[in-house]
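Thanks, everyone. I have one structure today, and I will keep it short.

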Amino acid sequence: MKAYLLSEAGGVENLELRTIETPAIKADEVLVQTKAISINPVDVKVRPSDEALAMILQTEERPLILGWDISGVVLKVGEEVTDFAVGDKVFGMVNFPGHGKAYAEFVASPADHLAKMPEGMNFEDAAATTLAALTALQVLSGEVTAGDRVLIHAGSGGVGHFAIQIAKNMGAYVITTSSAKNRDFCIAQGADEHIDYREVKFEEVLSHIDFVLDGMGGDTLATSVKVVKPGGKIVSLPTHAFDEDLQAKADAGGVTLASVMVQSNGEDMKKLRAMLEAQTLKPHVSITFPFEQLQEAHLQIESGRTIGKAVVTL
Ligand SMILES: NC(=O)c1ccc[n+]([C@@H]2O[C@H](COP(=O)([O-])OP(=O)(O)OC[C@H]3O[C@@H](n4cnc5c(N)ncnc54)[C@H](OP(=O)(O)O)[C@@H]3O)[C@@H](O)[C@H]2O)c1
């Protein structure tokens, strides 16, 4: 099969398309013929860094195969697998954190990281509704309740556009940030209010926020502490450790700071499928690339300007 191998951390040129053996499957796995792959900021962040590769892929193995988000067709099922049959169309985030090996024509996936695709859904939309959608679901579930004032930073991005929709479905009042050009897109996802971060300081116009989903980190995270009410919470996606000064400010304001790491989870994939079927969740794929141009997809995500999701097709 063809797969992108990463022998050494580095630039996109280090993603080399090679022919290798199709993977064997374990008893609890299925072999998926990949039809679409979605690319995330994490793919781009780990590629140039041995430290980040070790942290997320949790292996010293080389060469690596990056990627986690797939949709495709089941070609083989392991002897312990009962939920899937050959020919099923499936989608999911494979082995995250871990070595997903998704940039390949065939992927061996634990069956319990996948769900069947909704009837009639195309492979691009299914591949898009994986890591970013799972992140939004896992972060918001159990945190947001009806009537909460929720602030979602980077609402026009992969996680943000799913988070707006999911928070709205939970009955929250949703405020989101992006640049002006993506205002209409954010409102179309269901946001009640939009703030153009280039023109308006959100801390000057917002207060009494119950929950912040921070997709930016840095100054955006630090400033968010000022708008959250006592007892409220900020979950930062890019930040995994908070400096003492920020933690002290949060403590003084009665604000909880938390970081998360999205986890592969077939049950959560089934929840996403139910939302897709009920049409309460809709992915937005703004750009697709053929498999031969996967490096371009990395550059697109690296730009930080992607609207919704970028997907690679096979
Ligand atoms: N911890 C975890 O488990 C986890 C899971 C998923 C993602 N993440 C992290 O979360 C972050 C977001 O991921 P993503 O997939 O949503 O990214 P993404 O799709 O690449 O986000 C792109 C969007 O960010 C917006 N943006 C850029 N700068 C902004 C700013 N200063 N304020 C508000 N919006 C801004 C852009 O809109 P404009 O062009 O309008 O600026 C663009 O639409 C990444 O750092 C990712 O690594 C972490």
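I will go through the ligand site, then one helix, then a sheet. Keep in mind that this is a predicted model.

Let me start with the ligand. The shell around the ligand has 32 residues, and the closest are Pro-41, Gly-157, Gly-158, Ser-179 and Leu-237. Four elements each give two or more residues to that shell: helix 1 (41–46), helix 4 (131–140), helix 5 (158–169) and strand 9 (173–178). By class, the shell splits into 14 nonpolar, 15 polar and 3 charged residues.

Where does the ligand lie with respect to domain 1 and domain 2? Residues come from both domain 1 (2–129 + 283–313) and domain 2 (133–259), so the ligand lies between them.

Next, helix 4, which is one of the elements in that shell. Of its 10 residues, 9 are buried, so helix 4 is largely enclosed by the rest of the structure. The buried ones are Leu-131, Ala-132, Ala-133, Leu-134, Thr-135, Ala-136, Leu-137, Val-139 and Leu-140. After helix 4 comes Gly-142, with a positive phi near 80 degrees.

Last, the sheet. It is open, with 6 strands in the order 10-9-8-11-12-13, and the pairing is parallel. Strand 10 (193–196) and strand 13 (256–259) are the edges, each pairing on one side only. On average, neighbouring strands in this sheet are turned by 15 degrees against each other, direction ignored.

Within the sheet, strand 8 (residues 149–152) runs parallel to strand 9 and is joined to it by 4 bridges. Opposite Arg-149 stands Tyr-173 in strand 9. Strand 9 also gives residues to the ligand shell.

How values were computed: Residues numbered from 1 in each chain as written. Predicted model: local features only at pLDDT ≥ 70, side-chain atom pairs only at ≥ 80, totals over all residues. Near = placed C-beta within 6 Å. Nonpolar A, V, L, I, M, F, W, Y, C, P; charged D, E, K, R; others polar. Domains from an automatic or database assignment. Pairing = 2+ DSSP bridges. Axes fitted to C-alpha atoms, helices over the stretch in contact; angles between N-to-C directions. Buried ≥ 20, exposed ≤ 12 C-beta atoms within 10 Å, placed from the backbone.
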